[in-house]
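The exercises below are to be worked with the sequence and the three-dimensional structure at hand. Each task is followed by a solution in steps.

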Amino acid sequence: MTDRTKAERGRAATAGFDRRLLPPMLLGSVLNPVNSTIIAVTLIPIGKALGAPPAQTAWLVSALYLATALGQPVMGRLIDIFGPRRLFLVSTTLVGVAGAIGTVAPNLGVLIASRVLLGFGTCAGYPAAMALLRSEARRTGRDSPGEVLTALAVANQTIAVIGPLLGGLLIGLGGWRTTFALNVPLAGAALLLGLLRLPREAGTGESPQRGRIAAQLDLPGMALFAAMLVSLLLFLMNLHLRDWYLLAIAAAASAAFAVRELRAPTPFIDLRVLGGNTPLLATYGRALVAYVVSYAFLYGFTQWTEEGFGLSPFHAGLVQIPMFLVAIGVSVLTGRRKGVRGKLIAGGLGQIAACAVMLTLTGASPVWTLILVALIFGVPQGLNSLALQNSVYFQADPERTASSAGLLRTFAYVGSMVASSTAAASFGRRVDTGGMHHLAWIMLGAAVLYLLMTLFYRTLSRAPGKDSPAAAPQAR
């Protein structure tokens, strides 16, 4: 490298956000959404190929989110301590391995296992990206540019556009197994970019201390958190009174987790700080409810367009495109505005309107009505994800940015699990219009709750910490 090139890179680095970090950040963060959206059009083909009803193929969705809901805050905590590079490289390697296993899976059980591995493998991308944003803000002495946060949201929305359509194309070209094989080259590209461009420095706050790593990780706290979350999610996947013991285990683990974290010198999740940060807690609650609606539409409505309405997987993917195109446009247009309350209110109203239109659809409805629903859903899809992401970035403790971002995804995945089990319960063994209407009523109730949570809880900002480079977005 010439002295001139080194000088130019040095000036670029000190002038503002280091743009060389964007490719690995964006690619790593989209590994999870590409696997989330591409599976939407493969559930029916997989079910037919393996002789599994919707209630069983729903585990392909639930397995990934069970793993990621558990893994995101754990991976985020590791990134806060050790920095993003090592965790990013290990995780992307797991994605490639999981893709290869899914490609040759002989039955539904192995396929579900590959989705679990995919879930753990895709855990590092988003927390690593948020940690890099925070570290760049500290390095430059100013807040990371709003366009970088917007780029993360738009990248996820773009992948959501490509996912269903790409899934339909791959199924047409080589069958549903090609949707798993796609992870191998994606993981390879992410691994290469991570090796070349991610910095070796420690994370957003504390550095690993020799001899105290186990204490910093709080392994007992992680184990109790895992017991609490897994038992709760297993209960939510198949709501029935006979599984009351899972809820009891979740409650007991939750109590033990709270006691442990309040006493631990370096807790996995600092409940004292988190409990005092009510705006952040409210953001997590909104995320859970918002993603119940979003993922119920993504999985439930897509299955109905294939089996209940009669579209092919490719055409079912095409129907989803208007939603994500609108979402991208909304994110780009509103990304520079710091206020989040208006975005959240508009997002709630958009969800309510879309659910209401869903209730009017039947198997004889014209195709343009399906597209209309997708277009309406695009508005809250763009507004909610951007507002929730930006809220967490500014509301979180700067030294726990990655783990806070991981918790946002955890609450989103809990919402997706509720959506998946709700869709499975609504449809049973056959995806028909009656089941879709039942699902739409549940989605409408969640959308109304989301709007009320925004209207009646007005505090959306948090005073910046001493190390925070900028103030939180205003509640407007």
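The exercises that follow concern a predicted model, and they proceed from the whole chain to single residues.

**Exercise 1. The chain as a whole**

Task: Determine how many helices and strands the chain has, and state what percentage of its residues count as buried.

Solution.
- Step 1. The secondary structure comprises 20 helices and 0 strands.
- Step 2. The chain has 476 residues, of which 58% count as buried.
- Step 3. The exposed surface of the chain is about 18300 Å², and carbon and sulfur atoms supply 67% of it.
- Step 4. Among contacts between residues at least 6 apart in sequence, 84% join residues at least 24 apart.

**Exercise 2. The largest nonpolar core**

Task: Identify which residues of the largest nonpolar core touch the most other members, and which helix contributes the largest share.

Solution.
- Step 1. The core holds 129 residues; those touching the most other members are Leu133, Phe225, Phe301, Trp304, Met358, Phe377 and Met443.
- Step 2. Helix H15, residues 278–308, gives the largest share of this core, with 15 residues.
- Step 3. As background, nonpolar side chains in soluble globular proteins tend to be buried together.
- Step 4. For Phe301, set aside the neighbours within four places in sequence; its contacts are then Ala296, Val319, Met358, Leu361, Leu370 and Val373.

**Exercise 3. Aromatic pairs**

Task: Classify the ring pair of Trp176 and Phe180 and that of Phe301 and Trp304.

Solution.
- Step 1. The whole structure contains 9 aromatic pairs.
- Step 2. The ring centres of Trp176 and Phe180 are 6.1 Å apart and the planes stand at 80°, so this pair is edge-to-face; the cut-off for that class is over 60 degrees.
- Step 3. Trp176 is buried because its relative accessibility is 9%, and Phe180 is buried because its relative accessible area is 3%.
- Step 4. The rings of Phe301 and Trp304 lie 5.8 Å apart, centre to centre, with 35° between the planes, and the pair is tilted.
- Step 5. Phe301 and Trp304 are 3 residues apart in helix H15, so about one helical turn separates them. An α-helix has 3.6 residues a turn, so residues three or four places apart point the same way.
- Step 6. Phe301 is buried at 1% relative accessibility, and Trp304 is buried at 0%.
- Step 7. Ring pairs join Phe297, Phe301, Trp304, Phe309 and Phe377 in a cluster.

**Exercise 4. Charges over rings**

Task: State which ring lies beneath the charged end of Arg409, and which ring face Arg134 lies over.

Solution.
- Step 1. Arg409 places its charged end over the ring of Tyr126, 3.9 Å from the ring centre.
- Step 2. Arg134 lies over the face of Tyr393, 4.4 Å from the ring centre.

**Exercise 5. Helix H17 and its cover**

Task: Compare the span of helix H17 with the expected value, and find what covers its buried residues.

Solution.
- Step 1. H17 runs over residues 341–358, which is 18 residues, and spans 26 Å from its first C-alpha to its last; this is close to the 26 Å expected at 1.5 Å a residue.
- Step 2. Its buried residues include Arg341, Lys343, Leu344, Ile345 and Met358, as well as Gly347, Gly348 and Gly350.
- Step 3. The cover over the buried residues of H17 includes H15, H16 (313–334), H18 (367–395) and H20.
- Step 4. Thr454 belongs to helix H20, residues 433–455, and is buried because its relative accessible area is 0%.
- Step 5. Neighbours within four places in sequence aside, Thr454 contacts Arg286, Arg341, Leu344 and Ile345.

**Exercise 6. Two residues with distant partners in sequence**

Task: For Gly300 and Met75, decide whether each is buried or exposed, and list the contacts of Gly300 and of Met75 beyond four places in sequence.

Solution.
- Step 1. Gly300 lies in helix H15 and is buried, because its relative accessibility is 0%.
- Step 2. Gly300 contacts Tyr295, Ala423, Phe427 and Leu439, leaving aside neighbours within four places in sequence. Its C-alpha atom is 7.1 Å from that of Met436, 136 residues apart along the chain.
- Step 3. Met75 lies in helix H4, residues 54–82; at 13% relative accessibility, Met75 is buried, given the cut-off of under 20%.
- Step 4. With the same exclusion of neighbours within four places, Met75 contacts Leu87, Ser91, Phe120, Cys123 and Ala124. The C-alpha atoms of Met75 and Gly121, 46 residues apart along the chain, are separated by 10.0 Å.

Notes
Residues numbered from 1 in each chain as written. Predicted model: local features only at pLDDT ≥ 70, side-chain atom pairs only at ≥ 80, totals over all residues. Heavy atoms only, no water. Core = buried A, V, L, I, M, F, W, Y, C linked by side-chain atoms within 4.5 Å. Buried < 20%, exposed > 50% of the residue type's maximum accessible area, 1.4 Å probe, protein only. Helix = DSSP H or I, 4+ residues; strand = E, 2+ residues; numbered from the N terminus. Contact = heavy atoms within 4.5 Å. Phe/Tyr/Trp six-rings, centres within 6.5 Å; stacked < 30°, edge-to-face > 60°. Lys NZ or Arg CZ within 6 Å of the ring centre and 35° of its normal. Areas by Shrake-Rupley, 256 points an atom, 1.4 Å probe, with all protein chains shown as cover. Expected span 1.5 Å × (residues − 1).
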